[in-house]
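Reader: I'd like to go through the salt bridges in this structure. Can we take them pair by pair?

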Amino acid sequence: MSTFPPFSRYETSAASARVRDQLTRLRHRMRTEAILDEATARLATEMNIRPAEAAEQLARMAQHSGLELIEIARGIERPPEQERPSLDVPDWVQGMLEAVHASALYLTPVKDSMGRVVDFLILAANEHARTVSGRTASELRGRRLMAASPGVASSGLLDDYITVYETGEAVHREPLEFVEVMDYLLWPATLSVRAARVNDGLLVSWRTLDDEELLVSGWDRAQRLAELGWGEWNLATGRTLWTPQMYEMFGRDRAEGPMSLEELPCVVMPEDLPVVEEQMRSLLEYKEAVETEFRIQHRHGVRHLSVFSEPILDADGLPVKVRCLAQDVTKNRRRERALAVAHEQAHRQRKRAEEEHRVTVQLQNTIMPIRRGLIQLPGLTVGVRYLPGEELTRLGGDWFKARLIPDGRVLLAIGDAMGHGLTAASIMLQMRSGLAGLAYTCAPAGQLTTWLNDLIVHSNEGITVTGTAIVGHFDPEERTFAWTNAGHPAPVLVRKGQAELLESTPGMMLGAFDATEYGMDTTRLEPGDSLVLYTDGIVDRRGQDLGVGMEALVQAARHCVDDDPEELIDCLLKRLSGHKAEDDVCLLAVRVL
């Protein structure tokens with residue numbers, strides 16, 4: 001019983017309709033090709049030029065007229081049927097043709113004004129002669145070849161015939177997928193075609209391959225495509241039969257003949273000899289078919305062969321023949337090895353990433369033990385939230401700082417070290433710790449940022465390390481926030497139900513250039529104001545402009561007016577889906593008391 005659910009009538013009907021649609025489009029293209037091919041042959045005959053030149057002429061006509069090429073082709077009419085001249089055919093020509101047991105013609109060259117062969121005249125045809133489209137000997141004699149069989153142009157046969165006439169070297173094409181074009185219809189057939197120069201003309205013969213020959217031809221092609229070979233060893237007479245692919249598979253010259261069973265171990269890799277010995281034991285002693293795989297030393301390197309072999313027994317049950325079907329699976333084994341190596345590398349990289357993630361998390365926990373909650377500072381209540389990104393590999397370098405410094409001001413800072421993983425966490429540590437030490441100088445925020453930039457540049461010589469930050473001081477007595485922006489998204493000020501981005505003096509990101517000076521801005525705050533500082537993880541979305549995300553944050557802040565900084569953060573994250581951010585998210589919600 002099948003484990004697959006049955007197809008519904010709708011599914012089968014839809015599939016059939018799609019197949020019919022594809023076939024319809026294909027047949028339309030075939031008809032278009034037939035029109036173009038026959039028009040090319042007609043024009044070449046009319047102008048006494050070669051088919052390639054006729055095709056170029058068609059293209060020029062379409063270009064100059066502004067019409068589609070197919071419309072020009074439809075307008076090329078068949079040359080008027082001229083009365084065929086009475087031809088003087090030598091007796092030896094007719095006798096030669098009648099000796100051929102296939103369709104045969106004797107052709108004489110038709111030349112242009114420069115003496116080039118552009119077509120052939122059918123001087124004589126034997127009684128067997130019949131074209132793919134059904135024209136008989138009486139309809140062929142005395143006509144030009146392209147007029148009688150336009151398909152010789154598009155199939156390349158005419159070029160072959162010209163080459164045979166000019167060089168004297170015979171040609172044999174089998175199997176030839178020939179397509180005749182007649183009255184804008186296609187007549188496909190698989191032919192065996194021969195051509196040879198005889199005196200000042202060509203003897204051409206052809207026949208349609210029968211079903212058995214088509215099957216043999218198809219099997220030969222299948223062997224080449226699938227790299228299959230077949231062999232038979234007669235154990236009584238020692239006679240061996242091999243298909244051509246077997247010679248290629250074993251790297252053996254055909255002049256040497258097939259390899260005997262006794263010679264087989266000589267080309268097998270030593271490590272695989274036990275496999276071949278067991279194969280022979282199964283065939284000759286146990287009289288069983290066996291499927292094996294072993295490696296051989298080929299002239300182009302080691303090959304992997306998959307071999308299915310069976311014994312042929314006589315009436316007494318004795319093996320008299322051994323037959324095998326072999327396939328070269330070297331490419332498959334190479335792909336498998338490459339895939340195994342890739343899997344191993346991916347496994348090592350995953351383990352390394354997991355270890356790096358563990359170390360990064362430990363480092364972040366050490367540097368920023370507070371991930372959420374409230375911090376009470378002079379004149380302020382600060383809500384803090386840090387959320388790592390959903391993807392472990394994208395754990396970033398977001399950081400914040402909120403603390404009282406000796407001169408009574410409150411240091412407020414937020415930043416983002418570029419990159420992800422352990423590298424970003426290390427840069428984050430450098431920025432946050434460096435700022436913490438520099439802050440005790442009580443220098444203005446612009447000077448602190450300049451020093452922090454110098455620290456990053458000179459501590460990482462040889463590599464480019466960058467980051468963004470907002471660094472500022474809140475004065476609880478004046479209720480002012482004096483701050484510097486080093487390439488970071490601007491803070492959002494929420495006041496009396498309204499929200500807006502604070503304008504600032506633009507500054508270069510940290511670590512980008514040496515000796516960078518940073519300007520400052522001062523924002524006067526009022527009791528009840530909220531100031532939102534954030535990293536770009538909350539506003540940056542894949543495929544979306546950063547400005548769109550920042551505008552969404554401003555709109556969310558207008559709907560998230562709350563006295564509690566933590567509830568303000570919860571509201572912002574809910575509206576912006578910050579809990580599902582691809583990157584890290586760090587937020588400070590500062591409430592002025």
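Reader: How far apart, N to O, are the side chains of R409 and D407 in their salt bridge?

Author: This is a predicted model. A salt bridge here needs nitrogen and carboxyl oxygen within 4 Å. R409 and D407 meet that, with an N to O distance of 2.7 Å.

Reader: Is R409 buried or exposed?

Author: Buried means under 20% relative accessible area. Its partner D407 is at 37%, so D407 counts as partly exposed. R409 has a relative accessible area of 18%, so R409 is buried.

Reader: Which residue forms a salt bridge with R252?

Author: The closest N and O atoms of the pair are 3.7 Å apart. Both residues sit in the loop between α10 and α11, 11 residues apart. R252 is buried at 15% relative accessibility, while its partner is partly exposed at 32%. That partner is E263.

Reader: Where does R295 lie, given its salt bridge with E271?

Author: The side chains of R295 and E271 meet at 3.8 Å, N to O. E271 is in the loop between α11 and α12, 24 residues from R295. R295 itself lies in strand β8.

Reader: What is the relative accessible area of E271?

Author: Exposed means over 50%. R295 is partly exposed, with 25%. E271 is exposed, because its relative accessible area is 54%.

Reader: Which residues are linked with E53 in a network of salt bridges?

Author: Side chains of opposite charge can pair when their charged atoms come close. In this network, E53 is linked with D112 and R116.

Reader: How many salt bridges does a search of the whole structure find?

Author: The pairs above include R409 with D407 and R252 with E263. Searching the whole structure gives a total of 25.

How values were computed:
Residues are numbered from 1 along each chain as its sequence is written. This is a predicted model: local features need pLDDT of at least 70, side-chain atom pairs count only at pLDDT 80 or more; totals for chains, interfaces and linings use all residues. Side-chain values use heavy atoms; hydrogens and water are left out. Helices (H or I, at least four residues) and strands (E, at least two) are DSSP runs, numbered from the N terminus. Buried means under 20% relative accessible area, exposed over 50%, partly exposed in between (1.4 Å probe, protein chains only).
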